[in-house]
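Student: I've got a structure to look at and I'd like to talk it through. Can you take me along step by step?

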Amino acid sequence: VISREEIDMEILVCVKRVPDSAENEISVAPGGSDIRREDLVYSVNEWDNYAVEEAIQIAERDGGNVTVVSVGDSETEEVIRREMAMGAGQGLLLNDAAFEGSDGLGIATILEAAARKGNYDLILTGAQADDGAAQVGGMLAALLDRPYASLVNMIEVKGDGTLRVGREIEGGAQEISEIDMPCVLSIQTGINEPRYVGLRGIRKVASVEIPELDAGALGVSADRVGAGSAKVRRADYFIPASGAGAEMIEGSTEEVAAKLVDLLRAKGGIR
Amino acid sequence: MTQDHLSPSRPAPVRMPRFVLILLAALVVLSGLAWMVVQYSATDPSFSPASAMIGGFPARVLFILIPLVGLAAFGWIIARRAIPLLRAAPEPRFDRIPKRIALVLGIWLAQWRQPRYMLAGVLHIVVFFGFLVLAARSTQLVVLGFVEGFTLPGFGGALGSVYDTVKDIAATAVLVAVVILAVRRLVFRPARYAVPEKYGRDHTPEALFVLGLIGTLMISESLFEAGYLAAQSEAAHSLTPLTLVWAFERMLAGLPVATLADISLTAFTVHALTFFFFLAFLPFGKHFHVITSLFNVFFMRVTKGNVKPVAFGVSDEALDKLESFGVKKFDDFTWKHVLDFYSCVDCGRCSDRCPANRVGRPLSPRFISIKARDWAFERYPVVGKATPDGVPLIGSIYDPDEIWSCTTCGACEQECPVGIEYIDKMVDLRRGMVDDGMVPQSVQKPMSALEKRGNPWGKLEKQRAAWTAGVAEGAKIKLVEKGETADTLYFVDSITSYDDRMQKIAQATARVLQGGGVDFAVIGKDEKDSGHDVRRFGEEMLFQSLREQNSESIEASGAKRIVVSDPHALNALRNDYSGMPPVQHVSELIAEKLDSGELKLAPLADGSKTYTYHDPCYLGRHNDTYDAPRRAIDCIPGLRRVEMEGNCRDRSFCCGGGGLMLFYEPEEEQRMGVVRVRQAAEAGADVIVTACPFCLTNIEDAIKVAGLEGKMEVMDLVELVDGQLQQ
């Protein structure tokens, strides 16, 4: 068994700035290729926030250092700063006009380049983003040729270069795996209880410099990223018309409850 | 005034702490020794302790030594107890001296809050005044031990004999009270004294021990005097019948003079030993209040509704430079907070009135004090090195859920007979948790939305005045965001602006204001949440940011006065903001307009229902507005209103809390609102009228949970008034 001080992991957490569905009224913009963005407020993607918290907890518990990285523009800095206020040691902004319009593979390619710049034992991503497709984590692992576990809801550092990770399987079952480091994990919400960051915390790290890397610094060739090379393109964006089939149960509270139980039983919801 | 719970419950085994048993044994042995010693000394029957002999040795040496040792021990103990006070954070409490003196006269001297619990209160008043009266006698007895025939200056003549009569009655009354109190403690065991298992051992032994000491003092004082008087002829005639000394004199009459002298001197010795033992024992437990309560009441809260600043002497601009925020370790508490801990009487009134405690949340205000006191006594011992280890309070003596459970309703502070404060402590502990990122997940989202959007739901700013469209067909509401102005500003706040149901309160308020001829404007998109409960949840910086934005908008509106329909907004603008124009709750405005005749209300169409008024905490307790809403309700002809007796006005029971408390998911056995709705039902009401959108939300939900839909309804006062407006 290796003592805790010796573990000292370098952890990279990939985060994304998204319009938080809880703080916005999302509506589709005319043209149908995007949502209305003029009144949106942004925050860190919820899943990513859990990943950062998990990384910080690992570093606090077992020793280590956490770097938060994001692909975005200058406004993304605010999100990185918030995660640093939680306790991440470094921030890294990957910003280049050439990155705009990248598809999932493009983003993974940019992140891969950033990951290769460091010596990370563990790379975490959120399982998915509010506005995403849950693809970057896996693609990043593949590009880096590293083992990957998705939807992780428990991490235990074993100290022998491996991790015990838990994953929730459909139906509520829990799977425990061992995975060799270095590796990539995508983190499920609920793995921890992310700490709160207030204005005071953000002001404390307000003057910490966040390095910016562009395509050149990362050594990413422009033909692999950006809108031009995206192989997945959004074709349409709409809110589905509400379908029929909703059944309103009426009656007193007791009657409603009884009918609901019968219905759930009939449909297999309750065994 | 409510009665005590005198329902007998199964007595738990009463266990005495070991040190109490040792001290008790020492007292008994010393008293026995005194008996033996004075027996040998009383060859010349003298009733003057100062001239008695102990085995050929002057007794006055002993009677000088007892006070000297007692006072030295007491002084030492107090000096040690002062250490945590001196290490604590600063807090200026020497302001508003006349108000503070008035509080001492009312709450301390006149025991104003005691009869709120009638039986215990009256008994306490008897003991308290007994002590005050007997203070002179005790002083005389101490000096009598070494000065022959000493009387206090001025107590020699007629005043002296009047005093003697009064103190004889006082001693008797105290003994009777002590006996009743002991029976209460042992047999009836009022529920509020119980100590839940998680908080440690039952406190009954300490209470009984002290009652025993007080009883011993009363008996020995009377016996000392009775022994002397029994040796005199015709003494009994001047004694008040049925007093303790009268009874003892009759019992002792006829005994040989030497025996009487022995009894008298033994009683004197027992009194001296007990008195100084009691004095030195006070600072070890809940009876410390005998000494501290005077000071605690003097320094108690003089302003209602406010919250202490993060740190005294640090400007808002300099807050960013503070290393840490709030209370994290014991020494972060202010000295007044430490004095609060010392002063807790363990009477359980705070917890008895605490809505969180009532519904089974993990909070009992009494144990906030007692756990901290135990911690201080352990880490700052009377003998030995102080070992304040700087361990965080949260996770050691306090639990996060315990601190988040408080709705800051203020019932505990309203009740405390010695002026202990809890709200500032809760807020300070929360500030510490917020600073360390320990915020319940359920509250983080609304806090984040408040930061980004100025309301806890993350609703669009431009929708803030959307409710105005529903005021009335063609009604025109002035909007500051459109450049319109008026002398009166209606500050709506978040829930009333955005919540579908609560928007009806805003619309009713607008119609009532218009009906009363008030020209008013609403800010619109630049109005942010008042931040009232953001501050009380410990997020001071977010609160200050909201306050700054609102202050600018309000100033820019040019308003000369502000009207609110939400008591949380009222309290924030009145007590948390500064430089605001006068702020009025709409209920006060309605009462004024009804008095002046500018508003007239039509008779109730359906006179079959009984109404009751629920006092919102931040309108009632925190802002002393109890009568205006009642007056407004009573102006409606044909309306029958009942009070929730024992649970109204400053004893109102919190609905469950407003602001961020709406989002917090507490551990609890039932909802506060359900308790409240049941109280209304017990009072015979079918309609609860309140004057706060959060109360309305909580009570509306509670009616459903309690299964009283269709039997009980709730409405806001402005809705009631709006419905009866006579055009």
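Tutor: Sure, let's start with a term: a charge sits over a ring if NZ of Lys or CZ of Arg is within 6 Å of the ring centre and within 35 degrees of the ring normal. This is a predicted model, where local features need pLDDT of at least 70, side-chain atom pairs count only at pLDDT 80 or more, and totals for chains, interfaces and linings use all residues. Residues are numbered from 1 along each chain as written, chains are lettered from A and ligands numbered from 1 in written order, and side-chain values use heavy atoms, without hydrogens and water.

Student: Over which ring does the charged end of K425(B) sit?

Tutor: Look for the ring centre 5.0 Å from that charged end. The ring belongs to Y422(B).

Student: Is F299(B) buried or exposed?

Tutor: Buried means under 20% relative accessible area, exposed over 50%, partly exposed in between (1.4 Å probe, protein chains only). F299(B) has a relative accessible area of 10%, so F299(B) is buried.

Student: And F94(B), is that one buried or exposed?

Tutor: Use the relative accessible area again: for F94(B) it's 58%. That makes F94(B) exposed.

Student: What is the angle between the planes of F94(B) and F299(B)?

Tutor: Rings of Phe, Tyr and Trp (its six-membered ring) pair if their centres lie within 6.5 Å; planes under 30 degrees apart count as stacked, over 60 as edge-to-face and the rest as tilted. The centres of F94(B) and F299(B) are 5.1 Å apart. The pair is edge-to-face, with planes at 75°.

Student: Which residues do ring pairs link into a cluster with F94(B)?

Tutor: F298(B) and F299(B) form an edge-to-face pair too, 5.0 Å centre to centre. The cluster links F94(B) with F298(B), F299(B) and W335(B).
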